[in-house]
Amino acid sequence: MQKDYQKLIAYLCDFLEKEVQKKGFKKVVYGLSGGLDSAVVGVLCQKVFKENAHALLMPSSVSMPESKTDALNLCETFSIPYTEYSIAPYDKIFGSHFKDASLTRKGNFCARLRMAFLYDYSLKSDSLVIGTSNKSERMLGYGTLFGDLACAINPIGELFKTEVYELACHLNIPKKILNKPPSADLFVGQSDEKDLGYPYSVIDPLLKDIEALFKNKPIDAEALTQLGYDEILVKNITSRIQKNAFKLELPTIAQKFNPK
């Protein structure tokens, strides 16, 4: 079904305003990476909260220089207040202490470090942390628990990546951000497509069918291949969903002990 993106923008702005107010806050803060998702969230927040929406730019020692350039350009274009906190000194310390750390470990450390900065800023400024993960990432578990997946509220968490792209076009996000390959920018040469094995244009239709057909039910891989999806694609994506489903759940708490 074709989305009315102007109505969607109005809906998401209303969501942000009401949810932030409901939680007793007037100000918000979010991480701005120079990528598509955080750019969309940044512009939505700016529409609603104006000078009370603050972006944190947190480049690491391996962040691509254009990521910072694109983030700064967005801030200038949309008059977004921002602060830059380089996490490079800290990720270098991690690397020097854990020389055998994998790229995933290093990336997770950076993601969690950024969230630590965001929550520290939120306490200092009495601001609410806004999330920037899209639905494709959330379903796939393509994010760091207590890192980029952490937030108080998330306006784009029910939008697939391809939908976020369309929304970005309607928000007049700069073409430089629109046209660059999606990447978490956690290590040199990283891209979402390399990590996931497929572009979102291939993944999202499958994710939409999985959600429509198997919400709260076991995924039937054979039924998906009968719809025309490639068997290897289905196997890889369903495996990732099942393996990472715990990332979307609240911690499991033992029931109160009641000795008999």
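## Exercises on a recorded site and a nonpolar core

An unreviewed UniProt entry lists G31, L32, S33, G34, G35, L36, D37, S38, T132, K161 and S183 under "binding site"; such annotations may be inferred rather than shown by experiment. The model is predicted, with local features needing pLDDT of at least 70 and side-chain atom pairs pLDDT 80 or more, while totals for chains, interfaces and linings use all residues. Residues are numbered from 1 along each chain, and side-chain values use heavy atoms, without hydrogens and water.

**Exercise 1.** Determine where G31 lies and what it contacts.

Step 1. G31 is placed in strand β1 (strands are DSSP runs of E, at least two residues; helices are runs of H or I, at least four).
Step 2. G31 counts as buried because its relative accessibility is 18% (buried is under 20%, exposed over 50%, partly exposed in between, with a 1.4 Å probe and protein chains only).
Step 3. Beyond four places in sequence, G31 contacts S38, L56, M58, L118 and T132 (heavy atoms within 4.5 Å).

**Exercise 2.** Do the same for S33.

Step 1. S33 sits in the loop between β1 and α2.
Step 2. With a relative accessible area of 45%, S33 is partly exposed.
Step 3. Setting aside neighbours within four places, S33 touches S38, S67 and A71.
Step 4. Its side chain reaches the backbone nitrogen of G35 at 3.0 Å.

**Exercise 3.** Describe the largest nonpolar core.

Step 1. The core has 37 residues, and V40, L44, C45, I130, L167 and I173 touch the most other members (a core joins buried Ala, Val, Leu, Ile, Met, Phe, Trp, Tyr and Cys through side-chain atoms within 4.5 Å).
Step 2. α2 gives the largest share of this core, eight residues.

Note on methods: Polar contact = N/O pair within 3.5 Å; in protein donor to acceptor, adjacent residues only side chain to side chain.
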